[in-house]
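Work through the exercises below with the model open in a viewer. Try each task before reading its solution.

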Amino acid sequence: PENLLVIYLVMTHEQEMAKVFWEHSPTPLFLGIVCSCIHKWMVSQEKVSLHITTDLAATLGEYADEFEDLSRAIIDHAAEYPPKYVVDLINNRTTAWSTLSALEMADYADTITIIAHPAVQMYIDAQWTGWLDPDIRPLRILASLLCPLLASFRDVTPEDKQKMKEKEASAVVDESEKGFTINSRRANFVRKSGDKADEEVLAESLPLLTKCKYFYKAPVVKFYIYMVVYMAFLFSYTSALLLKDRKSEEACRARFTFRSLFGCKLTLSQQFVYLWVFCSIPLEIRQIYFSYPTTVAGKLKIYISNIYNKNDVACMILILLGLIFKIRSGSREILEDEYHPLASNAFRLMFSMAFILYAMRICQALQIDEILGPKVMMMHRMLIDLTFFILLVAIFLIGYGVSTTAILNPNKSTSYTSELVFSIFWRPYVNLFGEFGDDYIEETMNMQYCHYAYGEQDERCTEDYTCAEDTSGTQFSDICVFNQYIVKILLAVYMMLAAVLMLNLLVA
């Protein structure tokens, strides 16, 4: 009842009364996270709801920060005691909050201040490394994949035992002891082996098979194994795109069979790529199923909100569509009569586009790195601002491109052709990067105005013709020269405005 009353007070913006009843809640950490999440949601509704004004949204943002600070204060108080108190606090589950732990709820509500708490980060680091030494280097982990005995494990030494006794006696966290964490599984191992045994001896007597099991069960090891396999997948994908493989003539002549598809139309490297895609589909479904929301719509909303999940879906769609076109196309080397070049080219294009998306997925793995991770997150946020600058540049690009294309070519086209549309966008785009094309402007206008004045079959319209040297006495040569200056002036104005926009982008 206390929780429901606090939520009601939060929805009615009674902040002080909500904090009074929050203090009497049996689950204050959970309730503080939920209240902060509700305030943030109401702030996000400012643009779509007439009931939430700008001033009210700012006030609600402050209310959300207050509840986050209250929740963080609870963790601060628990951090004054031995680490097991913090572990029990953030891992506690209750049916009142959909059996979610406090850490899972903080992740779902995106309360960064709670996740970034030093005590919570210590627990996450301990879970990430498992039984391995927290200071183990990535190269050593990669070398230990073939021989787990090369890895360094956590050791429960008498020094660690003395540290824990001091922590339990003083109940104060010292800065020098923040890196000290004993894994629960090792504590159980010590407890089962006898209280009077020496912990260092127990650590050394850990069986080799047990070390191997705990090594491969560590999340950090699973991550590096996945990255090694993913690099092999990208290498196989590269081979499928660039290299040619031998095909079985017998398999190519089979009709509508599994062997005709995977033995003839797909190379070995392409078969490995499709095997990877087909195996990743159940993993994506599993990710949706085990997400926090209980409804299907909520699970899909959370899944699509992640940009890397969108990237995975786009890759699968491109790969599967490419497979359909590949089935339609035949083998040019063996069955040339049944070869469909358009379908084969569609498969090649989709296969190539999917590789770009798979290569971009490496950014997700780089987020765990202390140096590259913040830069990847900064790049994501920068792309959002970059979109608005691109829209501004596109306004000037289209205006300059259409006007100058009309001046360059007085012979109007009867319809929109691919060459015409491409010239509108491509030439202004390359101008942004220093390709001004003075020679292109003069050569194009000389030829087009010659065709416009004398006809396309006239013998004077050669590569050596220039409007400035035309002595025929017609006005077309003067018009051509004048328009050349107009195009160059428009180019100068366009580049000046584009340079200002690019400079603002660099500053931003």
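The exercises cover a helix pair, cysteines, aromatic rings and two single residues.

This is a predicted model, in which local features need pLDDT of at least 70, side-chain atom pairs count only at pLDDT 80 or more, and totals for chains, interfaces and linings use all residues. Residues are numbered from 1 along each chain as its sequence is written, and side-chain values use heavy atoms, with hydrogens and water left out.

**Exercise 1. Two helices**

Describe how H24 and H25 cross, and sort the residues of their contact.

Step 1. Find the helices: H24 covers residues 438–454 and H25 covers residues 475–507. Helices (H or I, at least four residues) are DSSP runs, numbered from the N terminus.

Step 2. Compare the axes, which come within 10 Å and cross at roughly 150 degrees. Axes are lines fitted to C-alpha atoms over the stretch in contact, and angles run from 0 to 180 degrees between N-to-C directions.

Step 3. Give the hand: the crossing of H24 and H25 is right-handed. In a right-handed crossing the near helix is turned clockwise from the far one by less than a right angle.

Step 4. List the contact (heavy atoms within 4.5 Å). On the H24 side the residues include Ile441, Met445 and Tyr449; on the H25 side they include Phe476, Ile479 and Val487.

Step 5. Sort the residues of this contact: 10 are nonpolar, three polar and three charged. Ala, Val, Leu, Ile, Met, Phe, Trp, Tyr, Cys and Pro count as nonpolar, Asp, Glu, Lys and Arg as charged, and the others, Gly among them, as polar.

**Exercise 2. Cysteines**

How many disulfides does the structure hold?

Step 1. Apply the cut-off: a disulfide is a pair of cysteine sulfur atoms within 2.5 Å. The structure holds zero disulfides.

Step 2. Check Cys37: its nearest cysteine sulfur, that of Cys35, is 9.9 Å away.

Step 3. Assign exposure (buried is under 20% relative accessible area, exposed over 50%, partly exposed in between, with a 1.4 Å probe and protein chains only). Cys37 counts as partly exposed because its relative accessibility is 27%. Cys363, at 22%, is partly exposed too.

**Exercise 3. Aromatic rings**

Describe the aromatic pair of Tyr226 and Trp276.

Step 1. Decide what to report: a pair of aromatic rings is described by the distance of the centres and the angle of the planes. Rings of Phe, Tyr and Trp (its six-membered ring) pair if their centres lie within 6.5 Å; planes under 30 degrees apart are stacked, over 60 edge-to-face, and the rest tilted.

Step 2. Note the total, which is 22 aromatic pairs. Tyr226 and Trp276 make a tilted pair, with 6.1 Å centre to centre and 40 degrees between the planes.

Step 3. Place the rings: Tyr226 is in H14 (residues 219–242) and Trp276 in H17 (residues 268–289), 50 residues apart.

Step 4. Assign exposure: Tyr226 is partly exposed at 35%, whereas Trp276 is buried at 16%.

Step 5. Look for a cluster: Tyr226 and Trp276 belong to one aromatic cluster, with Phe233, Phe347 and Tyr358 also among its members.

**Exercise 4. Two single residues**

Which residues do Ile74 and Asn309 touch beyond four places in sequence?

Step 1. Ile74 lies in H4 (residues 54–78) and touches Trp22, Pro28, Leu29 and Leu89. The C-alpha atoms of Ile74 and Pro28 are 8.2 Å apart, with their positions 46 residues apart along the chain.

Step 2. Asn309 lies in H19 (residues 307–328) and is in contact with Glu284, Gln287 and Tyr303. Asn309 counts as buried because its relative accessibility is 5%.
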